[in-house]
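Grab your viewer and a scripting console, and let's work through some exercises on this one. Each comes as a task followed by a stepwise solution.

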Amino acid sequence: MSEYILEIKNVTKMFHGLVAINDLSMKVKKGQIYGIIGPNGAGKTTLFNCITGIYTPEMGQILWKGKEIKGTTPYKIAELGILRTFQTIRLFAEMSVAENIMSGRHIKSKQKWYNGVIPTPAYFKDEKEQWMKVGELMEFFNLSQYATTPAGDLSYGVQRRIEMARALAAEPELLILDEPAAGLNEHETQELTDTIRKIQAMGVTIMMIEHDMEMVMSLSEYITVINFGAKISEGLPSFVQDDPVVVEAYIGSDEEDEHE
Amino acid sequence: MMNKTSMIALVLLLISGVYPFFVDSAWLAIGTTFLVFSCVAFSQDIILGRAGVFHMGHAMFFGLGAYTTAIMNVQFGLPILASWAPAVLIPMFVAFVLAGPIIHLRGDYLLVATIGFNIIFIQVLENDVFGLTGGPNGIFGIDVVRLFGFEFASQTYMYYMAFILLGITLFIMRTLDRSKFGRAMFYINKDEIAAQSMGVSVRYYKLYAFIIGAGIAGAAGSMFSVQYSAVSPEAFDVTQSIMFFTIVLVGGSASLPGVLIGTFIMFVLPEVFREFETARYLVFGLAMILTMILRPRGIWPVRFGNIPNFLKKDVK
Amino acid sequence: MDIFIQQMVNGLTIGSLYALVALGYTMVYGVMRLINFAHGDLVAMSAFVGLTVYTQIFGENITSLVAVITVFVFTAAIVALVGVLLERLAYRPLRTAPRLSAVVSALGAGLVIQNSVMLIWGPNMKIFPSNIFPSTIWSFGGVVITFTQVMILGLSSILMVGLYFFINRTKIGTAIRAVAIDQDAAKLMGINVNRIIMIIFVIGSALGAVAGLFIGVYYRGVTFDMGWMYGLNAFVAAIMGGIGNIPGAMLGGLMLGLFNAMITGYISSQWAETFTFVLLIVILVFRPTGILGEKVAEKV
């Protein structure tokens, strides 16, 4: 097995004949924080949707620990240990924060098929264990005070934390973050940066799309830049930052980069 | 809050426990049917209110249970007790077979497909396919429950059997809500894509909901056939399905008290106003519209946040 | 062969009626994502309204083109008004509510309309006079076509083609399509969404009224609760075609009418509904959003 936990090889994804991702390749090392940047509409989220099984690419390979996972349904991807957050937050809005995070424990729970109807001692034990874990995560993300609050009633910054806690509850090997800092203020962004470092320290590999250049440059160990669905540059943050192709892509696009 | 709800529950339990001693036989029968319909409504709520599947053919599973008991008893001379397990298992099996191919359909498409199953079921009953269902008239003369030479024949026994059935149903609902299965259904209901991304198989849990729901409805059907000692197709047609569907939404999806209130309003109140035969469904329709406008999530909406106490210590 | 052609004519006749009713379902669904369960009862109501208009204004025995046109226009106008009221009172307050709440409201509205018809016109079957249309019959070999059938086929074709051009070629039609795709965006472009929804209900109800009148003229016997059966068939037709899709409703209606006629002609009317729903389920298994319905990809 190679040193790479996730390999994307020549992936192409089309919508109604339009190319959203064009012959894209990248390799993610275990334990790495991997950044993906690029102007809006470049195909970054589409790439994440291909990895997590929401879309199936027409061409190419997606290898997870050397095994092809292209076309695997999303829930099985999660069972493999690939968990994600969404660019537009997708929480179970009416449900409490604790119940939202509990969804991450779904794949870790050992309840038997009949436990939905008949409780057994093992079921009670499992139920308790999962809630304990939820409690730990609420403490880690400083959410305990909101345990019973409906997730949809909370502020944007808090919702982003709940989404990360939920993904982390599933004990992922690879955590995919789609613009985790979007909509956060400076203080919250700083907290988020620290949190991501702590998650990395737990041994979780992280892939992240982010527009906040300061954050993505300081966190990422390796960066791929995408524009119009294709890779235009990759390398260490210091290299990518000064790559004229990248500068051109950002200035040439409609997108205003508010952080420069 | 918790205490107030428990108090109400306790009072209701007491009232319903002694109810048979204070009413005449007509009202006793209504009480029994109320308990049976509550079971069916709860089972509809597993599919509709929890898994969020637009299911408008639930009377079929209710009818399958009823006809299983009726056919086994009247056509094959088996005791009622022997029909209990098949009356639960056959609807479960049918749910699995029928829901399998359509479970991936989007809301409204699934709604009309389930109506379709119900209509086909009724035509099969009316056309008396295997000479077993008795055609449009149905089957008469269903026996009572007998155990060790004892007959549970009186309406009071019927009432308490239905009472126990509702107790079992409530126990299942409570277990379901506090298990990964019930929660998975809610996750799918609230956001299918997010649920899948957390490792929840949409297909598995929607089918699970269907199968459990069908089993409970089947048990209720068996009880229903014994209570009236007869079954006929019109008791299980789409109109009935629409009633169960409406009960859940008027009362409050996924809310235990809500579904009981819904059953009371949709079934017991029309019985109370029986004298106003002609106008009552007009008023009824108006009430449905008004309830939805005033309480779009039902009269007693579900409250989430039912988590173990040790997680609430920091909640202000 | 004669039976086949005869059943085809009968099937297309009833199919165009389904199509007219299905259009009402599909247009409302397209714009509001609501199954208007009261639509079938509106159709039933129009038969009764039409009958009253006919007998009150013209008496039993006068038939003339003017009389027929008047009845159709009057009835369509009254039913359109009821449709608009229905939207105002039962659906508009629920536009932001959970989708199923509006479905329950629609079911309630259906009960209200159905029972109002029963209270006004009584629970018994009413019979349409036989002389509304001339009793001319054409026969080709063994195939018989009645004047009423020709009228039904002709007028519904005209209405459907007209609707198609209205939706695709006029300014209001464009606005309707815009609202169907994205209400918020349409609002931002200055489209009055409430007005568009009102127009949808006027058109849908008026088409339903025409269908209801034709049902009366064609089958003659009408009952207060017949809306359920016609509504369900038309709704199934709309789903088959792909609900929300206007040509889909027309196609679905005609297809279902033909299919029903063939089943009744060659197999048995006892199993008609079973065949209908088996066909529906088979179509949905292979095309989960109906024949012409587009797959809606959810934005992630």
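**Exercise 1. Classify A:K125 by accessibility, then find its salt-bridge partner.**

Step 1. With a relative accessible area of 57%, A:K125 is exposed. The classes are buried for under 20% relative accessible area, exposed for over 50%, and partly exposed in between, using a 1.4 Å probe and protein chains only.

Step 2. The partner is A:E129, whose closest N–O approach to A:K125 is 3.5 Å. That passes the salt-bridge rule: a side-chain nitrogen of Lys or Arg within 4 Å of a carboxyl oxygen of Asp or Glu.

Step 3. A:E129 is partly exposed at 40%.

Step 4. Both residues sit in helix α4 (residues 121–140) of chain A, 4 residues apart, so about one helical turn separates them. Helices (H or I, at least four residues) and strands (E, at least two) are DSSP runs numbered from the N terminus.

A word on the ground rules: this is a predicted model, so local features need pLDDT of at least 70 and side-chain atom pairs count only at pLDDT 80 or more, while totals for chains, interfaces and linings use all residues. Residues are numbered from 1 along each chain as its sequence is written, chains are lettered from A and ligands numbered from 1 in the order in which they are written, and side-chain values use heavy atoms, with hydrogens and water left out.

**Exercise 2. Work out which parts of chain A the salt bridge between A:K65 and A:E173 ties together.**

Step 1. Check the distance: the two side chains meet at 2.7 Å, N to O.

Step 2. Place the residues. A:K65 is in the loop between β4 (59–64) and β5 (67–68) of chain A, and A:E173 is in the loop between α5 (156–169) and β7 (174–178), so the bridge links parts 108 residues apart in sequence.

Step 3. Look at accessibility. A:K65 is partly exposed at 31%, and A:E173 is partly exposed at 25%.

Step 4. For context, the rule gives 20 salt bridges over all chains.

**Exercise 3. Describe how the two domains of chain A meet.**

Step 1. Get the bounds, which come from an automatic or database domain assignment. Domain 1 covers 1–81 + 172–260 of chain A, and domain 2 covers 90–162.

Step 2. Count contact residues, where contact means heavy atoms within 4.5 Å. Domain 1 of chain A puts in 14 and domain 2 of chain A puts in 7.

Step 3. Find the distance between the C-alpha centres of the two domains of chain A: 27 Å.

Step 4. Compute the buried area, meaning the accessible area (1.4 Å probe) that two parts lose on being put together, summed over both. The two domains of chain A bury about 700 Å², with 69% of it on carbon and sulfur atoms.

Step 5. Tally the polar side of things. The salt-bridge count across this domain interface is 0. There is 1 residue pair in polar contact between the domains of chain A, with both residues at pLDDT 80 or more. A polar contact is a pair of N or O atoms within 3.5 Å; within protein, one must be able to donate a hydrogen and the other to accept it, and residues adjacent in sequence count only if both atoms are side-chain atoms.

Step 6. Assign the domain 1 side to elements. α2 (74–80) and α6 (186–201) of chain A each supply at least two residues, and α6(A) has the largest share, 5 residues.

**Exercise 4. Now do the interface of chain A and chain B.**

Step 1. Chain A contributes 44 contact residues and chain B contributes 40.

Step 2. Together, chains A and B bury about 3,700 Å², 65% of it on carbon and sulfur atoms.

Step 3. The rule finds 5 salt bridges across the interface of chain A and chain B. B:K313 and A:E139 form a salt bridge with closest N and O atoms 3.3 Å apart.

Step 4. Polar contacts between chain A and chain B come to 15 residue pairs, both residues at pLDDT 80 or more.

Step 5. On the chain A side that touches chain B, α4(A) gives the most, with 8 residues.
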